[in-house]
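Me: Please take a close look at the nonpolar interior of this protein, and set it in the context of the whole chain.

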Amino acid sequence: MTELNGQPAGIRELTALAMINYGHFTTMRVEDGRVRGLSLHLDRLIRDCGVLFGTAPDRDRIRELARRAVADTTGPLTVRVTVYDPDLGLERPGAEAEPRILVTTRPAAVSSPPPLSVRTAAYRRDLPEVKHVGLFGLLRLRRQAQLDGYDDVLLTDERGAVSEGATWNVGFYDGRRLLWPDAVCLPGVTQELLRRGHGGPQHTERIDRERLGDLRAAFALNAGVGVRPIRSIDGVEFDPEHPVLDLLRKEYTATPAEPL
């Protein structure tokens, strides 16, 4: 399913997204017509649209278009809502914009993928607080990591502090508390749901690469898979079956899902 404002997306509109590459999106896992953190996904779309276009999409309209996309389907789906203006040109991106809503669907990934082996890379996304469509730098680093035998890449900032994964947030467990990196990164919906639902102690602080060996567990977070163990970072091993990971999965899956 690929629809723009509720109509089949044409070649011209899709070509504009590929060629201009100016817009933002959110990705949701939809099961039985419901989404964990739906309100946060909608908040993100409205906030990011204000940053990139100076306007806000209608929440109810987004929900209507997403419901239309998953109607008469079975099984979990990944639904991506992209906001962009296909009429915005390369020569005058400062022209008045009328952003539209592109909804695409695909079968959802397995909910319990294997643990990740990642390596770090010094990189900061443009406008990291916005989930924008500019993914070239991230995909380049992910590709390089995979060609070298890793599954993915974990970003570090100019201080050498851990910030976020290529398309996921990261968290750690030091044996007593959950630790969240304090470096600038995209505010993740899954991360926020877990922050709210976790009953134990947690803290946000700087996490340097040199500190990784002192931590007990590491995990990736995104809406597609929830909580995914990390088994190694730059060769530093973590326990992918640490009991805290099972606890976090249970806390996340206990989060009530909202109807589209």
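Reply: The accessible surface of the protein chain (Shrake-Rupley method, 1.4 Å probe, only the protein chains shown counting as cover for residues) comes to about 12700 Å², and 49% of that area belongs to carbon and sulfur atoms. This is a predicted model, in which local features need pLDDT of at least 70 and side-chain atom pairs count only at pLDDT 80 or more, whereas totals for chains, interfaces and linings use all residues. Residues are numbered from 1 along each chain as its sequence is written, and side-chain values use heavy atoms, with hydrogens and water left out.

Of the 260 residues, 47% count as buried, that is, under 20% relative accessible area with a 1.4 Å probe and protein chains only. The largest nonpolar core (buried Ala, Val, Leu, Ile, Met, Phe, Trp, Tyr and Cys joined through side-chain atoms within 4.5 Å) has 23 residues, of which V79, V81, V103 and L260 touch the most other members. At least two residues of this core come from each of β3 (23-30), α2 (38-53), α3 (59-70), β5 (77-84) and β6 (100-107), these being DSSP runs numbered from the N terminus, with helices (H or I) of at least four residues and strands (E) of at least two. The most is given by α2, with six residues.

Looking at V103 itself, and leaving aside residues up to four places away in sequence, its contacts (heavy atoms within 4.5 Å) are M1, T2, E3, L65, A66, A69, V79, R80 and V81. Another core, of 16 residues, lies apart from the largest one, and L179, L212, L215 and A218 are among its members.

Notes. Buried means under 20% relative accessible area, exposed over 50%, partly exposed in between (1.4 Å probe, protein chains only).
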